[in-house]
Structures are given as structure tokens and as C-alpha cells.
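Me: I would like a close look at a single part of this model, with its surroundings described step by step.

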Amino acid sequence: MDKIPSFSKNHDELKKGLYLCGTDHGVTTWDLRFKTPNGGDYLTPAAMHTTEHLIATIVRNSAHKNDIIYFGPMGCRTGYYLLTVNMDYSNVKNLLKESFALAASFTEVPGNKREECGNYLEHDLCAAKKDCAEYLEVLNSL
Ligand SMILES: [Zn+2]
């Protein structure tokens, strides 16, 4: 089988940040890298699940809601992918700054009822808000 593009980038050179992966069929994929790859420090499954609920809810209620295709976690637990249409780097960075700042104000996890989620007991709002605050600092440093 062919090696897919996301395995072809050198993860040893990848640092925390926001990266453009590419555009296919009009959809652009962004790499939101929270952790240094293979750095020994990873996001926890419960915190990732909560961040997914928070940020997916926020971006899908934002001024760019019609430009959002998908937001979800990387299996390696070092970050998330955001898929968009009609948004450039500056649009995405600004939207993410607003969104990760807004995440700090949540006092409960959106969509955390049994009928709304496939693993509703596995959430960690406190850790997710800490991860979001740390990534906001990364965005502010770019
Ligand atoms: Zn869920």
C-alpha cells in the first residue's frame, strides 16, 4: 500500500503549532499540534473527548459555521484536525484564538448526555480547559 501523506511528514521536525496540511476536493485540513510528537507528554483520552465536544460546538456556532467540515482528535493524542472550506491561515488562526478562549468559560460539557454521545462518562472538563488554555498560548505565540 502507498504511504499516506500524513505519515510522510517528518514528525521529528514538527513542533506545537498550527499547520496547513493541504487541500483536497476543496476541503482544507489544518493540523492543530498541541504536543511535541513523541515527546512523552500526550493528551488524555477523556480530555481529548471533552475538547472535541467543546471546540466542535464552538466552531459550529461561530461566524464561520458554514465553513467548518470537521473537528476531531488525532489518534496519536498530540493534537486535532480541523477541516474547513473557504478559510485561509489568518481566518483559521483568528477563529481558533476566539474558540479556545471561549472554551475557558464553559462550566459543563456540551452533548454530554447518554443519548448525545457514544462514551458519555468519559469526559474531563478541567483537563480539557487546561489543554485549551495551553494551546491558546501556542496560537498567541505564532
Ligand atoms: Zn462524545
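Which residues coordinate the zinc ion, and through which atoms?

Reply: In this predicted model, the zinc ion is coordinated by His 49 through NE2, His 53 through NE2 and Cys 117 through SG, at 2.0 to 2.3 Å. Along the chain these donors follow the spacing H-x3-H-x63-C.

The two histidines belong to helix α2, residues 45–59, and because they are four residues apart in that helix, about one helical turn separates His 49 from His 53. In general, an α-helix has 3.6 residues a turn, so residues three or four places apart point the same way. Both His 49 and His 53 are buried.

The helix that carries these two donors has 15 residues and reaches 21 Å from its first C-alpha to its last, which is close to the 21 Å expected at 1.5 Å a residue. Twelve of the 15 residues of α2 are buried, so the helix is largely enclosed by the rest of the structure. Among the buried residues of α2, beside the two histidines, are Ala 46, Ala 47, Met 48, Thr 50 and Thr 51, as well as Leu 54, Ile 55, Ala 56, Ile 58 and Val 59. What covers the buried residues of α2 includes the strands β3 (68–73) and β4, together with the helices α3 (89–103) and α4 (125–141). With respect to the strands, α2 lies across β3 and β4, and runs at about 165° to β3.

Those two strands are part of an open sheet of four strands in the order β1-β2-β4-β3, with antiparallel pairing. Its edge strands are β1 and β3, each of which pairs on one side only, and the twist averages 15° from one strand to the next.

Within this sheet, strand β2 (residues 27–33) pairs with β4 (residues 79–84) in the antiparallel sense over six bridges, and Asp 31 of β2 stands opposite Tyr 81 in β4. Strand β2 is also joined to β1 (residues 17–24) by seven bridges, and these two strands run antiparallel. Here Tyr 19 stands opposite Asp 31, while Asp 24 stands opposite Val 27. The strands β1 and β2 form a hairpin with two residues between them, and His 25, which lies in the turn, has a positive phi of about 50°. Five of the seven residues of β2 are buried, so this strand, like α2, is largely enclosed by the rest of the structure.

Helix α3, one of the elements that cover α2, has 15 residues and reaches 21 Å from its first C-alpha to its last, close to the 21 Å expected at 1.5 Å a residue. Its buried residues are Val 92, Lys 93, Leu 95, Leu 96, Ser 99, Phe 100 and Ala 103. These residues cover an arc of only 165° around the axis, which puts them on the same side of α3. The buried residues of α3 pack against the helices α2 and α4, and also against the strands β1, β2, β3 and β4.

To return to the zinc ion, two of its donors, the NE2 atoms of His 49 and His 53, come from buried residues of a helix that is itself largely enclosed by the rest of the structure, and Cys 117 contributes its SG to the coordination.

Methods: Residues numbered from 1 in each chain as written. Predicted model: local features only at pLDDT ≥ 70, side-chain atom pairs only at ≥ 80, totals over all residues. Heavy atoms only, no water. Buried < 20%, exposed > 50% of the residue type's maximum accessible area, 1.4 Å probe, protein only. Pairing = 2+ DSSP bridges. Donors = N, O, S within 2.8 Å, 3.2 Å for Na, K, Ca; no water. Expected span 1.5 Å × (residues − 1). Contact = heavy atoms within 4.5 Å. Axes fitted to C-alpha atoms, helices over the stretch in contact; angles between N-to-C directions. Arc of directions from axis to C-beta.
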